[in-house]
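The exercises below ask you to read strand pairing, burial and pockets from a single model. Work through each task with the structure open before turning to its solution.

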Amino acid sequence: MMVMMMTSRFRPLLLGFVVVLVVANRAYGEVSQYSIREIDRVNKEGPYLGIVVPNAFEMNPLLQSPSFEPNLQLPYLDFSGRRFRIGKVENVKVIIVMTGLSMINAGVTTQLLLSLFKVNGVLHYGIAGNANPSLQIGDVTIPQYWAHTGLWSWQRFGEEPNDQLPLESNGDYTREIGFLEFSHFNNRSKSVENLLNRVWYQPEEIFPVNGIPEAREHAFWVPVDNHYFEVAKKLQGLKLGGCVNSTCLPRTPMVVRVERGISASVFVDNSAYREFLNSKFNATPIDMESAAIALICHQQEIPFITIRALSDLAGGGSAVSNEADIFSSLAAQNAVDALLRFIALL
């Protein structure tokens, strides 16, 4: 009886102690022993080819493909809100992970992939907007270089292009890459000064894995792996889909290696900015993730390449809706078809 009374008496205290422990463990954010064991278990079977994809509708055609064979003993490992799917594609060991939308999600997920697992290369694929009017919806583009065009130094009103930017003398900002002048897009019928002035595009600060810690370098155009880009040449002539139900494209889509792609956490559905990006940077695909993955792989010295199928002419087409509403599924499947063929050629 005494024991029972003491147990009842101290139960709230014990429960409170357990809650404090759980909260404390969560607060530290350390990797659990269970996760460490499972990660070690995965890595014993490595190395793997990492496949990084933005969204579920782009990932599902790959998971549903007969070319993908999940690992029956350990089909996936969940970590930090991400699911790392383990298996084989075209008999090559792979880890597939979905990033979610935007540069931050793509960068965080790619760093987790490379920090946790034994990965010897990264393939990124998905759909993208098109800035190149010589190509069409459904075409699969493979750029040689990627840049993040969402890091700006916004110049105050009244200053001119020859005026030095704040902190430019410290090496924090530069005018070498160029600018976007907002007044070039004014309504010409109104003689009103544009208070937005201009923004200067900036390179990213990077810290290479084998460099001096905290010694920054800068990168704007990040090249894909030379070997991967050479392999991609063999994708020319790959048969791709060109119809969604009874709606067909003017010509059969094709795989094209292009010079440049750009990314920012902005969905571009504006023809004026699309034309600027194409004329200023010679950009073809425009997306929200690829440059983040490129920068992480560049810093970690891991080979990578990006395959992006065009789902719409950014800001073009109908004034009522974006073509991606119709052709995103076709573009996603074309990207997967190109990815599968690429892996088979490695």
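Two strands are said to pair if DSSP finds at least two bridges between them, and helices (H or I, at least four residues) and strands (E, at least two) are DSSP runs numbered from the N terminus. The model is predicted, so that local features need pLDDT of at least 70 and side-chain atom pairs count only at pLDDT 80 or more, while totals for chains, interfaces and linings use all residues. Residues are numbered from 1 along each chain as its sequence is written, and side-chain values use heavy atoms, with hydrogens and water left out.

**Exercise 1. Describe the strand partners of β7 and its burial.**

Solution. Begin with β16, which pairs with β7 in the parallel sense over eight bridges; within this pairing, V140 has V255 of β16 as its bridge partner. Turn next to β18, which is joined to β7 by two bridges and runs antiparallel to it, and here the bridge partner of V140 is A309. A further antiparallel pairing, again of two bridges, links β7 to β13 (residues 222–223), where W146 stands opposite V222. Finally, consider accessibility, with buried meaning under 20% relative accessible area, exposed over 50%, and partly exposed in between (1.4 Å probe, protein chains only). Seven of the nine residues of β7 (residues 140–148) are buried, so the strand is largely enclosed by the rest of the structure.

**Exercise 2. Trace the pairings of β5 and place helix α2 relative to them.**

Solution. Strand β5 (residues 92–98) runs parallel to β1 (residues 48–53), to which five bridges join it, and V97 of β5 stands opposite V52. With β4 (residues 82–89), β5 pairs in the antiparallel sense over six bridges, and V97 is also the bridge partner of F84. The hairpin of β4 and β5 has two residues between the strands, and E90 takes a positive phi near 50° there.

Now examine α2 (residues 33–43), in which S35, E38, I39, V42 and N43 are buried. Seen down the helix axis, these buried residues fall within an arc of 135° (taken over the directions from the axis to the C-beta atoms), so they line one face of the helix. Their packing partners, with contact meaning heavy atoms within 4.5 Å, are β1, β3 (76–79), β4, β5 and α4 (103–116). The face turned away from the buried side carries the exposed residues Q33, Y34 and R37.

**Exercise 3. Characterise the largest pocket and the setting of F267.**

Solution. A pocket is an open set of points on a 1 Å grid over the protein atoms alone, where a 1.4 Å probe fits, with protein on both sides within 12 Å along at least five of seven lines; lining residues have an atom within 4 Å of a point. The largest pocket is lined by 20 residues, of which I127, A128, G129, F267 and M288 lie nearest its centre. Elements giving two or more residues to this lining are α3 (56–63), β6 (119–130), β17 (283–287) and β18 (304–313). As for F267, this residue is found in the loop between β16 (255–263) and α6 (271–281), and at 57% relative accessibility F267 counts as exposed. F267 and M288 are 21 residues apart in sequence, and their C-alpha atoms are 7.2 Å apart in space.
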